[in-house]
Amino acid sequence: MGMKARHFGLVGVGVLVGVAASFQLSAHAQKTGAPLPLDELRQLADVYGLIKTDYVEPVEDKKLLSEAIGGMVASLDPHSVYLDQKAFRDMREAVQGKFVGVGVEISNEDGYIKVVSPIEDTPAFKAGIKPGDLITRIDNVPVRNMSSDDAIKRMRGKVGSKVTLTIARPGEDKPWVVPIDRQEIKVVSVKAKMVEPGYAWLRISQFQENTLDELARKTKELYAEQADIKGLVLDLRNDPGGLLPGAIGVSAAFLPQPDQVIVSTKGQVADSNQAFYGRREFYAQRGDPLAGLPAGLKSVPMVVLVNGGSASASEIVAGALQDYQRAIVMGSRTFGKGSVQTLRQLSEDTAIKLTTARYYTPKGRPIQATGIEPDLRVDESAEGDLLNALRVREADLQRHLAAEGEKKEAPAKDKQASLTEQQRALALLKDRKAIEFGGKDDFQLAQALNHFKGMPVQLAKGVPDEDKPAPAPLPGAEHKLPELKAPPKK
């Protein structure tokens with residue numbers, strides 16, 4: 001049977017649905033040429049046979065094999081996963097920007113389910129769930145050692161049905177129980193408005209199939225409202241990622257030359273070593289959603305806002321605009337999700353999402369486990385960056401894929417110091433209203449406007465006003481990429 005593949009670029013959606021990938025529909029994995037480990041395979045077959053003959057009650061073959069596949073893939077890293085029929089269907093719905101659930105991004109930490117971030121305007125967000133909260137039970141079922149995938153399945157359901165989450169919040173004595181009505185979650189990909197005369201705010205909350213169409217429409221509306229925009233803020237805070245073509249297209253919308261590299265990848269398989277450019281064939285299957293964009297987008301002064309919730313596709317955009325000095329990146333270091341997941345279909349409705357490469361910025365800087373360091377470090381509020389103590393980053397995840405050159409055995413975190421920091425942050429956040437991105441009390445947005453106007457920018461606590469942090473250093477010899485393959489122009 002011939003190996004035929006179609007690529008649909010995906011980059012991870014944080015743990016919201018965890019999606020970050022390049023679709024590759026293939027019946028077989030790539031052959032490595034290495035001999036099969038026959039002794040280990042015999043042992044696997046022996047265990048399978050013992051369970052079938054000696055277990056206390058009969059177990060279906062399908063269950064045993066599905067669990068074996070799932071465990072094998074899940075042991076690799078937090079983003080490789082086996083997708084059964086329901087998970088595969090849910091993933092496709094999420095890529096389209098809608099699904100039924102509570103609207104929360106999660107990860108595993110020490111055997112529990114930790115909230116990375118609630119999605120704006122969703123039931124979880126309105127229920128008061130915050131980054132750093134631990135979900136200990138779902139409908140009274142303990143989640144100890146439950147996979148993120150299983151937790152997501154349990155929180156999904158029919159529209160209007162209820163799910164009850166038990167939440168443990170660091171620094172609080174007792175867990176609290178919150179019943180939440182499931183809703184169809186429709187993530188609005190792009191928002192835009194003039195925040196002041198001459199200054200525009202453009203927010204991308206997630207990179208979806210329609211992101212580039214929405215970007216084109218919103219920017220045209222902005223320039224129709226005011227033709228002489230003096231500064232544009234691209235807000236990628238808490239953007240967990242999404243589709244790779246969206247990241248390429250958004251970058252291309254602001255970069256002056258279409259032949260500029262947006263991102264490159266490096267992996268074990270030859271096809272994983274590629275460079276992606278800002279040309280139409282890299283971000284659109286047909287037509288050009290960026291045709292007719294306002295010419296001012298190529299030269300308008302820009303600030304890109306990022307934080308610890310900015311992951312994957314949003315890190316690709318921030319890294320590209322930073323490398324080409326097209327924009328000032330402001331905020332806090334990003335999540336650090338710089339790995340490529342390839343979706344290999346096993347059957348009509350099952351697949352595995354397998355990590356196959358690492359992402360690099362145009363200048364070769366690694367994103368995986370390091371993230372993008374902003375040019376100007378600015379706290380989320382005048383009092384400090386409180387939510388950073390509650391956020392989980394890629395490097396904090398168990399079994400995370402190490403950055404190239406990173407030691408596999410990272411030093412253990414000081415859990416007591418971390419807990420103290422979290423308790424302090426929660427105490428200060430307890431009675432504080434959630435930040436409305438783009439609102440009048442958005443401190444980081446205000447600092448971005450100050451930058452445009454040549455006014456003082458209040459940098460993060462501990463950073464001298466005259467000290468501008470440099471971007472992360474370019475990789476040394478150990479980070480040099482092989483010659484990258486660029487798909488031919490069409």
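1. A residue is taken as buried when its relative accessible area is under 20%. By that criterion 11 of the 11 residues of helix α8 are buried, so α8 is largely enclosed by the rest of the structure. The model under discussion is a predicted one, and the remarks below should be read with that in mind.

2. On the overall architecture, the protein has 10 helices and 21 strands, and 52% of its 490 residues count as buried. Among the contacts between residues at least 6 apart in sequence, 71% join residues that are at least 24 apart.

3. The enclosure of α8 (residues 313-323) can be followed residue by residue. The buried set comprises A313, S314, E315, I316, V317, A318, G319, A320, L321, Q322 and D323, so that E315 and D323 count as buried under the 20% cut-off alongside residues such as I316 and V317. The cover over these buried residues includes the strands β14 (231-235), β15 (261-267), β17 (302-306), β18 (328-331) and β20 (351-360), together with helix α7.

4. The packing of α7 against α8 deserves a point of its own. The axis of α7 (residues 244-254) comes within 9 Å of that of α8, and the two cross at roughly 25 degrees. Because angles under 35 degrees count as roughly parallel, that value makes α7 roughly parallel to α8. The crossing of α7 past α8 is right-handed.

5. Which residues in α7 meet α8? From α7 the contact draws on L244, A247, V250, S251 and F254, and these meet A313, I316, V317, A320 and L321 in α8. By class, the residues of this contact divide into nine nonpolar, one polar and no charged. As general background, an α-helix has 3.6 residues a turn, so residues three or four places apart point the same way.

6. The largest nonpolar core has 52 residues, of which L232, L234, V250, F254, M302, V304 and L321 touch the most other members. Helix α7 provides the largest share of this core, with seven residues. Apart from this core lies another, of 19 residues, which includes I113, I135, I152 and V163. In soluble globular proteins, nonpolar side chains tend to be buried together.

7. L321 links several of these observations, being a residue of the contact between α7 and α8 and one of the core members that touch the most others. Once its neighbours within four places in sequence are set aside, L321 is in contact with L234, S251, F254, L255, M302, V304, R326 and A327.

8. The loops on either side of α8 each hold a residue whose backbone should be inspected. Most residues other than glycine have a negative phi. S312, in the loop between β17 and α8, nevertheless has a positive phi of about 60 degrees although it is not a glycine, and Q325, in the loop between α8 and β18, has a positive phi near 55 degrees. Is S312 buried or exposed? With 1% relative accessibility, S312 counts as buried, whereas Q325 is exposed, with a relative accessible area of 71%.

9. A last point concerns R89, which is found in helix α3 (residues 85-95). Its relative accessibility of 44% means that R89 counts as partly exposed. Between R89 and F99 the separation is 10 residues in sequence and 9.9 Å in space, taken from C-alpha to C-alpha.

Note on methods:
Residues are numbered from 1 along each chain as its sequence is written. This is a predicted model: local features need pLDDT of at least 70, side-chain atom pairs count only at pLDDT 80 or more; totals for chains, interfaces and linings use all residues. Side-chain values use heavy atoms; hydrogens and water are left out. Axes are lines fitted to C-alpha atoms, for helices over the stretch in contact, and angles run from 0 to 180 degrees between N-to-C directions. Helices (H or I, at least four residues) and strands (E, at least two) are DSSP runs, numbered from the N terminus. Angles under 35 degrees count as roughly parallel, over 145 as roughly antiparallel, 65 to 115 as roughly perpendicular and the rest as oblique. A crossing is left-handed if the near helix is turned anticlockwise from the far one by less than a right angle, and right-handed if clockwise. Contact means heavy atoms within 4.5 Å. Ala, Val, Leu, Ile, Met, Phe, Trp, Tyr, Cys and Pro count as nonpolar, Asp, Glu, Lys and Arg as charged, and the others, Gly among them, as polar. Buried means under 20% relative accessible area, exposed over 50%, partly exposed in between (1.4 Å probe, protein chains only). A nonpolar core is a set of buried Ala, Val, Leu, Ile, Met, Phe, Trp, Tyr and Cys residues joined through side-chain atoms within 4.5 Å.
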